[in-house]
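Q: Could you take me on a close look at one part of this model, the place where two of its chains meet? I would love one connected account.

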Amino acid sequence: MAEFFHMGGYGLYVWGSYGVVAVFLALELIFLARRKQALLERLTALREMEEDKS
Amino acid sequence: MFAVTGMVRRDVILAMRRRADVLTTLFFFVIVAALFPLGIGPEMATLRIMGPGVLWVAALLASMLSLGRMFAADYADGTLEQMLVLPQPLSLLVLGKVVAHWLGSGLPLVLLSPVLGLQYGLAPDVLKVLVISLLLGTPVLSLIGAIGAALTLGLRGGGVLVALLVLPLYVPVLIFGAGAVEAHSSGLGGEGHLSLLGAFLLMALALSPWAAATALRISLD
Amino acid sequence: MAIHWTKYSAPSAFYPMAGRSLPWLAAGTLLLTAVGVYMGLFSAPTDYKQGEAYRIMFIHVPAAWMSMWLYIVMAAYAGLGLVYNTRMAHMLAAATAPTGAIFAFLALWTGAFWGRPMWGAWWVWDARLTSELILFFLYLGVMALRAAIDDRQRADRASALLALVGVVNVPIIYFSVKWWNTLHQGATIDFSGSKMDRSMLWPMLILTVAFWLYSFVTIFLRARCEILERERHAEWVGELLDNRG
Amino acid sequence: MSQSLEAVSLECVRGDRRLFSDVGFALEPGELLHVTGRNGSGKTTLLRMVCGLVRPQTGMVCWGGKPVSTLGDEFFRQLTFVGHLNAIKDELTGRENLMVEAALRGNPVSESQAASALSRMGLKGHDRLPAKVLSQGQRRRTALARLLLADTPLWVLDEPFVALDVHAVETLQHAIAEHVAADGMVVLTTHQEVPIKAGRKRTLHMGGSGTGVAA
């Protein structure tokens with residue numbers, strides 16, 4: 001297994017690239033999911049507030 | 001067509017009454033051009049190589065910094081709103097404004113560049129090509145810049161935003177502007193670059209006024 | 001991304017459609033990414049010249065292609081939005097920009113990580129990398145303009161116009177940088193290394209499709225958020241919120 | 001003979017707030033439309049929409065039956081608009097401001113014509129000074145003087161009486177009444193009284209719920 005990570009001496013660069021791509025794409029999804037969650041909560045709260053007022 | 005000349009005459013009269021704005025652009029160009037040797041060192045050999053590129057970047061930044069003036073004053077006092085209601089094609093009026101802006105910010109740089117070129121030890125024939133490239137290039141900077149100025153009308157932090165918007169679009173003009181001078185001094189001859197600059201100018205003349213007019217309508221909606 | 005437009009140009013129709021297709025898109029993305037990465041890292045033979053470093057190409061090239069493709073998609077939505085004044089098109093343009101910018105950044109990052117072992121320098125003023133950098137700035141410009149304008153309608157139309165002006169300039173920038181590069185450095189360095197035999201081509205194509213599906217996922221997710229934010233007064237949003245409980 | 005002006009079920013959305021919806025009116029030559037409503041009811045936006053400065057969400061503005069958006073310059077030739085901002089340059093004198101704008105409109109005026117328009121607005125001795133030294137009222141009068149110069153059938157005025165003294169208000173009321181009597185058309189918003197001699201006066205109240213009820 002170590003040989004695989006070693007990547008013929010280029011381990012840093014190969015894993016540096018694949019790793020960062022994976023991290024960024026995953027982060028984008030996480031932020032999007034969190035944004036949706038926060039949005040839904042805010043909107044339901046707003047609706048309840050409007051319903052109480054009317 | 002007199003929409004353009006009418007607008008140019010108006011703006012030139014206005015510029016004459018507030019000469020300071022034209023001078024600030026010029027002083028910025030001179031100061032930036034003087035800073036580089038302080039940073040790089042006085043030996044003429046390197047400065048001669050750096051010269052065209054530095055002068056071109058300085059001219060580009062000076063012209064971009066004065067973009068704010070193109071519409072901001074008219075936007076503030078309401079004359080821009082009137083322009084949109086004039087029975088004239090708005091893109092021609094915008095072209096008039098761009099020409100006036102170039103006269104105040106582009107042309108002075110062109111006229112002054114040979115003097116600054118001497119500071120970089122450029123030979124007379126190189127200076128000639130530098131002036132021609134700036135003469136062709138600075139109008140394109142004003143034309144493209146007009147779109148950025150119109151889009152960021154009345155926005156807070158508009159100055160920096162305009163830079164972020166237009167600098168990427170300035171890249172081809174910079175490449176062939178500075179490239180023409182560098183190609184000439186390296187013996188390749190700058191004609192190819194200058195003709196491309198001319199092509200950019202024609203394209204910008206055809207498209208930018210319309211795009212800037214659309215941007216104005218969007219901003220004043 | 002040719003969705004037949006008329007039906008889904010209404011946010012209330014687009015929202016459920018995007019919701020239904022998201023699981024499939026996500027599954028497709030995961031599957032193709034796994035296959036592509038596996039082939040790229042394992043089954044593709046070691047390149048005799050570059051050793052293992054060339055494997056970075058399998059994600060660098062797809063990211064660069066996607067960053068270019070998504071700019072064109074964003075400009076297309078922008079154009080549609082300006083001409084037909086449809087809010088949905090503007091929302092999709094807004095949803096596309098960040099994903100495109102991330103792909104541009106990743107293309108630059110992987111380009112640098114590939115350049116380091118290949119030419120000993122983290123940054124090489126190669127024509128493609130330089131154009132990618134400028135494309136990244138164009139993305140930042142469009143997003144910064146949208147963020148700077150409070151009125152949503154003006155923000156949509158201003159950033160749409162900028163996207164259109166940008167897409168006209170992208171080829172010009174690309175060829176000017178290419179010319180500038182050849183003028184100063186002679187022949188450009190052949191980026192893709194030795195002649196690619198078939199087994200090397202597959203991982204790249206698979207990962208490109210994987211990234212393409214991935215961009216669907218993020219754009220649909222972000223577009224749904226945009227819809228909820230903008231249409232919160234619509235009664236179908238109200239119902240949706242209510243039965244979400 | 002000037003055409004009729006018509007607005008058909010105009011709607012305007014700002015951000016995600018609907019400013020007004022299905023606002024409509026018709027205005028024939030020789031009539032004045034007084035747009036009323038409290039602040040924030042969209043009066044200014046409606047006027048700018050009539051001038052083609054603001055694109056309606058739905059509905060359209062028609063001049064002589066044809067939509068303004070397609071007419072473009074042909075419609076602008078019939079229109080003079082005075083908005084909240086005076087649209088005069090501080091560095092130019094009163095006369096220069098009027099002459100420059102008339103030239104840009106395509107029908108240049110002589111200096112004497114500009115001077116007489118300014119004197120009718122009570123700016124006799126002040127029209128050779130750069131606008132920046134004038135008071136707010138004097139600047140407003142310079143802005144309004146363009147109405148006397150441009151003989152366009154349609155006047156759109158947004159709060160024209162603001163910052164005017166009693167004398168200037170009378171002058172403007174007189175000019176508006178004369179314009180309407182000569183088969184001109186005026187759309188304006190104001191909290192002042194707008195007496196007219198001849199022709200017909202209509203009011204359009206921008207209601208709280210944002211609907212426009214034309215009487």
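A: **The interface of chain C and chain A**

Let's start with a single pair: the side chains of A:Arg47 and C:Asp242 meet in a salt bridge at 3.0 Å, N to O (a side-chain nitrogen of Lys or Arg within 4 Å of a carboxyl oxygen of Asp or Glu). Before going on, note that this is a predicted model, where local features need pLDDT of at least 70 and side-chain atom pairs count only at pLDDT 80 or more, while totals for chains, interfaces and linings use all residues. Residues are numbered from 1 along each chain as its sequence is written, chains are lettered from A and ligands numbered from 1 in the order in which they are written, and side-chain values use heavy atoms, with hydrogens and water left out.

Across this interface the rule finds 4 salt bridges. On the side of chain C that touches chain A, at least two residues each come from helix 2 (11–43), helix 3 (57–84), helix 4 (87–119), helix 7 (198–230) and helix 8 (235–244); helices here are DSSP runs of H or I, at least four residues long, numbered from the N terminus. That side divides into 24 nonpolar, 6 polar and 10 charged residues (Ala, Val, Leu, Ile, Met, Phe, Trp, Tyr, Cys and Pro count as nonpolar, Asp, Glu, Lys and Arg as charged, and the others, Gly among them, as polar).

In contact terms (heavy atoms within 4.5 Å), 40 residues of chain C meet 27 residues of chain A. Together the two chains bury about 3,300 Å², with 76% of it from carbon and sulfur atoms; this is the accessible area (1.4 Å probe) that two parts lose on being put together, summed over both. Within chain C, the residues losing the most area to chain A are C:Leu41, C:Tyr214 and C:Leu241, together 17% of what that side buries.
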